[in-house]
Amino acid sequence: MSDRRIAEDVLSKVPAVTLGFWIIKILATTLGETGGDTVTMTWLGETTDHPVPNGYLIGTAIFGLLLVVLVWTQIRARRFNSWLYWATIVASTTCGTTLADFADRSLGIGYPGGSLLLLACVLASLFAWYRTVGTVDVNSVTSPREETFYWITITFSQTLGTALGDWAADATSDGGWGLGYSGGALVFGGVLALLAVLYFTTRTSRVFLFWAAFILTRPLGATVGDFLDKPVAKGGLDLSRPIATLVLAAATIALVLLLPQRPGEHPGAEKATA
């Protein structure tokens, strides 16, 4: 096998973690929030006087099925495909939105219970991944085994992020922190900025910083999405959820087209081409 073919085989099937990656990730998480709310709250009427029974569960089933199909396609793909990857990310954020709402509201465990349950799921997934593979570095995602752990962890982290965003933004009378949507966005944006400072000024584990940032971009997107479409009386702009979703989808597509997209490199790439 040629050195070039070996080098191609050790390329990761997820994108390199660049500034462009984080910009698209935040936009995709915002799209997931408005898209999930469009289906469960607007079309299925969960926040109206005449909701469809089990609306959050139906929405979760719809987006969960879409996510399973896209993850299966992603795992079957032989190389990195930016369109497939970001479509799968959007599906995971949308499924995370409806699943978190189902856990927090339909199951009646509230924001603290839902967040703790989902945090436990994220940590359990990372632990199982580490024990099986020996690392949770995203650059090691080159085979179906690693990809399966990757997407399970991604889905749990997206759901956890949604629960955290709702918990932070909602009023204290509803069990939240009372930060409001704009306040929640500022808090999570500030924590992400702190992680960026740690990345550039310290030797803090890059793997830890990646997963911390990946989880926290989700509540940032959730609070921004809610700020766009929630009623003015609740601190939002009361924009149409479907229209906001279409605008965000168009912006995401434009950024995937405009920003450079390349696969990350497996740690073994240097050895293969040496």
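**Note on helix packing and cysteines**

1. The sulfur of Cys95 lies 13 Å from the closest cysteine sulfur, that of Cys121, which is too far for a bond. This is a predicted model. Seen from the other side, the closest cysteine sulfur to that of Cys121 is the one in Cys95, again at 13 Å and too far for a bond. A disulfide would need the two sulfur atoms within 2.5 Å. The count is therefore 0 disulfides.

2. How do the two cysteines stand in terms of accessibility? Cys95 is buried, at a relative accessible area of 6%. Cys121 is partly exposed, at 23% relative accessibility. The cut-off for buried is under 20%, so Cys121 falls outside that class.

3. Now the helix pairs, starting with H2 and H9. Helix H2 spans residues 19–43, and its axis comes within 9 Å of the axis of H9. The two cross at roughly 155 degrees. Angles over 145 degrees count as roughly antiparallel, so H2 and H9 are roughly antiparallel to each other. The crossing is left-handed. By class, the contact of H2 with H9 holds 14 nonpolar, 7 polar and 2 charged residues.

4. Thr252 is a useful place to look at H9. This residue sits in helix H9, which covers residues 241–258. Is Thr252 buried or exposed? Thr252 counts as buried, with 6% relative accessibility. Neighbours within four places in sequence aside, Thr252 contacts Ile24, Leu27, Ala28 and Leu31.

5. H6 and H8 come next. H6 packs against helix H8, residues 206–229, at an angle of about 45 degrees. Their axes are 7 Å apart. That angle makes H6 oblique to H8. The crossing of H6 and H8 is right-handed.

6. Which residues make the meeting of H6 with H8? On the H6 side they include Tyr150, Ile154, Gln158, Gly161, Leu164 and Ala169. On the H8 side they include Trp211, Phe214, Arg218, Ala222 and Asp226. By class, the contact of H6 with H8 comprises 10 nonpolar, 7 polar and 3 charged residues. Asp166 of H6 is one of the residues in this contact, as is Arg218 of H8.

7. H6 also packs against H7. Helix H6 runs over residues 144–169 and helix H7 over residues 180–201. Their angle is about 125 degrees, with the axes 8 Å apart. H6 and H7 are therefore oblique to each other. Their crossing is right-handed. Leu164, Gly165, Ala168 and Ala169 of H6 make the contact with Gly180, Tyr181 and Phe188 of H7. By class, the contact of H6 with H7 has 5 nonpolar residues, 2 polar residues and no charged residues.

8. Some H6 residues serve both contacts. Leu164, Gly165 and Ala169 appear in the contact with H7. Leu164, Gly165 and Ala169 are also among the H6 residues that meet H8.

9. Last, Ser82. This residue is in helix H4, residues 82–106. Is Ser82 buried or exposed? At 15% relative accessibility, Ser82 counts as buried. Sequence neighbours within four places aside, Ser82 is in contact with Val256 and Gln261. How far is Ser82 from Ala168 in space, C-alpha to C-alpha? The two are 32 Å apart, with their places 86 residues apart in sequence by numbering.

Conventions:
Residues are numbered from 1 along each chain as its sequence is written. This is a predicted model: local features need pLDDT of at least 70, side-chain atom pairs count only at pLDDT 80 or more; totals for chains, interfaces and linings use all residues. Side-chain values use heavy atoms; hydrogens and water are left out. Buried means under 20% relative accessible area, exposed over 50%, partly exposed in between (1.4 Å probe, protein chains only). Axes are lines fitted to C-alpha atoms, for helices over the stretch in contact, and angles run from 0 to 180 degrees between N-to-C directions. Helices (H or I, at least four residues) and strands (E, at least two) are DSSP runs, numbered from the N terminus. Angles under 35 degrees count as roughly parallel, over 145 as roughly antiparallel, 65 to 115 as roughly perpendicular and the rest as oblique. A crossing is left-handed if the near helix is turned anticlockwise from the far one by less than a right angle, and right-handed if clockwise. Contact means heavy atoms within 4.5 Å. Ala, Val, Leu, Ile, Met, Phe, Trp, Tyr, Cys and Pro count as nonpolar, Asp, Glu, Lys and Arg as charged, and the others, Gly among them, as polar.
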